[in-house]
Amino acid sequence: MHNSRYLLIGFVAVLVLIAGQALAASAFGGPAVPTSGISGWIFAQQAAFYRSMSAAVMAAKANGTAEFGLAWLAFLYGIFHAAGPGHGKAVISSYLIADGATVTRGIVLSVAAALAQAITAIAIVGIAAVILGGTAKAMGSTVRWLEITAYAGIIAFGLMLVWRKGRALIAALRSSSHHAHDHAHHDHNHDHAHCDHSHGPEPSELKGKGWLKRGFAAVVAVGLRPCSGAIFILVFALSQGIFAIGVIATFAMAAGTAITVAAIALIAVLGKGLAVRILKTRGGGQLGVAVLGIEVAAAILIAAFGVLLLTGYMASERLFAA
Amino acid sequence: MIAFARRFFLAAALSLFATGGAFAHPHVFVTAKGELIYGANGALKEIRYTWSFDEMFSAFAAQGLDANGDGKLSREELQALAKENVDSLKEFAYFTVSPRGAKALEFGEPADYWFETDNQNNLTLHFTLPVKNAPKGGIAIEVYDPTYFVAFSLADGKPVSLQGAPAGCAVDAKTADNAAANNPSEAFFQQLQAGADYGAQFANRISVRCP
């Protein structure tokens with residue numbers, strides 16, 4: 001009976017999260033549904049920094065030391081811009097909820113994802129434009145294929161996690177309904193969610209080293225999609241004959257992006273920790289089931305997010321977005 | 001149990017905030033001018049648009065198109081891009097609409113399209129947009145991107161002029177306050193929360209009044 005209550009809570013949590021994601025996804029690729037004054041302020045900041053960057057590129061062309069100004073501007077832009085759609089916040093945060101949320105993991109994955117996005121943007125512009133002399137159209141179709149690949153990867157990754165966590169959940173449910181005894185060994189004094197998987201299959205894999213491998217998959221899926229702002233600034237720097245300065249600016253932007261993505265990932269870590277703690281005060285022996293319920297929910301969310309991105313993307317092929 | 005549920009949902013909401021997103025800023029900036037050309041029947045026949053693009057988007061759009069490598073972009077080098085752009089603009093109704101509640105405008109195929117460049121290789125798109133169902137005399141037109149991916153504003157001075165309009169007609173053009181996005185006021189935030197047609201608050205409003 002306890003089981004079903006916690007499953008219900010987990011299920012509601014999924015619905016809440018997916019509804020939130022749907023809202024976020026509609027903002028993807030253009031159509032924007034702003035939600036609050038804070039969003040409006042963030043929006044205003046990124047728009048202002050974006051507009052100043054082209055002037056900074058031209059200043060950097062005229063004067064060697066101005067590139068520091070440009071890098072600083074790109075860094076600030078990255079911080080604010082990453083609060084907008086894309087940049088893998090959703091996937092990284094959901095992944096952390098689904099697969100052992102710790103502060104270290106949150107930071108490592110966020111930085112890696114931001115770096116991967118910067119490298120993708122540099123590789124696209126570097127190869128397509130600098131080496132091959134390709135057009136915006138050529139870069140656009142490269143980005144399109146990368147995006148489709150990335151979104152398909154996110155779906156596959158989400159489904160993999162659903163399978164993994166789902167099996168663990170089923171095993172935990174079966175086990176707790178067969179033995180009604182109290183699992184005293186679950187009452188650790190710390191709150192790491194991954195301490196509660198003892199019923200699932202391959203426990204070492206669920207809480208152990210495997211996260212790095214799975215986290216890497218998440219980073220690749222996120223990092224394959226370059227940030228449009230980075231592409232624009234790289235091509236503009238190229239047109240001014242200072243591509244290398246564009247590369248520096250792109251990495252500065254990635255540093256800013258990493259800060260925001262990490263901050264948001266840490267909120268997800270905090271949120272999960274809080275949920276686990278609350279469940280713990282109530283849940284007792286059923287804690288493992290409830291936590292697994294949340295994790296399965298987050299895994300479903302990743303897959304759903306991939307689907308939304310893929311379909312939303314297909315539906316909103318933009319004129320200029322290329 | 002209620003307190004418990006509330007706390008749990010607070011936690012869920014925190015996670016939700018973490019996974020949800022804000023929204024993107026404009027990536028393309030267009031400064032527009034227009035000539036409203038009237039037909040013999042006294043109705044708006046076509047709009048002769050001049051859209052100047054910002055330097056970042058210009059560089060992006062023109063990347064790799066300098067076919068002869070002389071560092072300048074000629075009209076010929078940009079013609080394929082011009083065609084591509086007017087073709088795809090159709091899907092976006094040329095970002096040109098009637099005000100809410102008014103009858104939707106119908107357009108013909110754009111004609112006389114080409115790109116002009118300045119000495120910085122910034123792009124300006126020229127095209128003539130036939131309007132098929134304009135009423136006689138006065139008309140109101142809004143120019144904007146509902147998604148605000150493209151930020152339109154009208155050029156300084158007299159951005160919109162009339163040609164061949166019935167005697168006594170006058171045009172009034174109000175440019176979008178894109179600057180509001182850079183220096184947001186209380187009202188700006190209220191509008192942000194208003195609804196789906198987000199870009200409408202950045203609409204450029206053109207109206208022709210006839211006696």
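User: Where in the chain is the place of A:A114?

Analyst: In this predicted model, A:A114 sits in helix α5 of chain A.

User: Why does A:A114 count as buried?

Analyst: A residue is called buried if 20 or more other C-beta atoms lie within 10 Å of its own, and because A:A114 has 30 C-beta neighbours inside 10 Å, it counts as buried.

User: Which residues is A:A114 in contact with, leaving aside its neighbours within four places in sequence?

Analyst: The partners of A:A114 are A:A254, A:T257, A:A258 and A:V261. By way of another separation, the C-alpha atoms of A:A114 and A:W41 are 23 Å from each other, with these positions 73 residues apart along the chain.

User: How do you know how α5(A) and α8(A) pack?

Analyst: Two packed helices are described by the angle between their axes and the distance between the axes. For helix α5 (residues 103-131) and helix α8 (residues 210-223) of chain A, the angle is about 35° and the axes are 8 Å apart, while the crossing is right-handed. On the α5(A) side the contact includes A:R105, A:L109 and A:T120, and these belong to a group that meets residues of α8(A) including A:W211, A:A218 and A:V222. The residues of this contact divide into 9 nonpolar, 4 polar and 1 charged.

User: What makes helix α4 of chain A largely enclosed by the rest of the structure?

Analyst: Of the 10 residues of α4(A), which covers residues 89-98, 10 are buried, so this helix is largely enclosed by the rest of the structure. Among these buried residues are A:K89, A:S93, A:Y95 and A:A98. Just after α4(A), A:G100 takes a positive phi of about 75°.

User: Which elements does chain A have, and how much of the chain counts as buried?

Analyst: Chain A has 11 helices and 0 strands, and of its 322 residues 55% count as buried. Within chain A, among contacts with a separation of 6 or more, 85% come from residues 24 or more positions apart.

User: Which residues have the most contacts inside the largest nonpolar core?

Analyst: They are A:V125 and A:I302, in a core of 153 residues. Leaving aside neighbours within four places in sequence, A:V125 is in contact with A:V130, A:M139, A:I231, A:L234, A:V235 and A:L238. As general background, nonpolar side chains in soluble globular proteins tend to be buried together.

User: How do you know that β1(B) and β2(B) pair?

Analyst: Two strands pair if at least two bridges are found between them, and 9 bridges join strand β1 (residues 28-38) to strand β2 (residues 44-53) of chain B, which run antiparallel; set against that cut-off, the strands therefore pair. One of the links is between B:E35 and its bridge partner in β2(B), B:R48. The two strands form a hairpin with 5 residues between them, and B:G42 in the turn has a positive phi of about 80°.

User: What joins β2(B) to strand β5 of chain B?

Analyst: There are 7 bridges between β2(B) and β5(B), which covers residues 123-130, and these strands run antiparallel. In this pairing, B:E46 stands opposite B:P130 in β5(B).

User: Why is helix α2 of chain B described as largely enclosed?

Analyst: All its residues pass the test for burial, since 8 of the 8 residues in α2(B), residues 55-62, are buried, and so the helix is largely enclosed by the rest of the structure. Among the buried residues are B:E55, B:F57, B:S58 and B:F60. Just after α2(B), B:G64 takes a positive phi of about 75°.

Key:
Residues numbered from 1 in each chain as written. Chains lettered and ligands numbered in written order. Predicted model: local features only at pLDDT ≥ 70, side-chain atom pairs only at ≥ 80, totals over all residues. Buried ≥ 20, exposed ≤ 12 C-beta atoms within 10 Å, placed from the backbone. Helix = DSSP H or I, 4+ residues; strand = E, 2+ residues; numbered from the N terminus. Core = buried A, V, L, I, M, F, W, Y, C linked by C-beta atoms within 7 Å. Contact = placed C-beta atoms within 7 Å. Axes fitted to C-alpha atoms, helices over the stretch in contact; angles between N-to-C directions. Left-handed = near helix turned anticlockwise from the far one by under 90°. Nonpolar A, V, L, I, M, F, W, Y, C, P; charged D, E, K, R; others polar.
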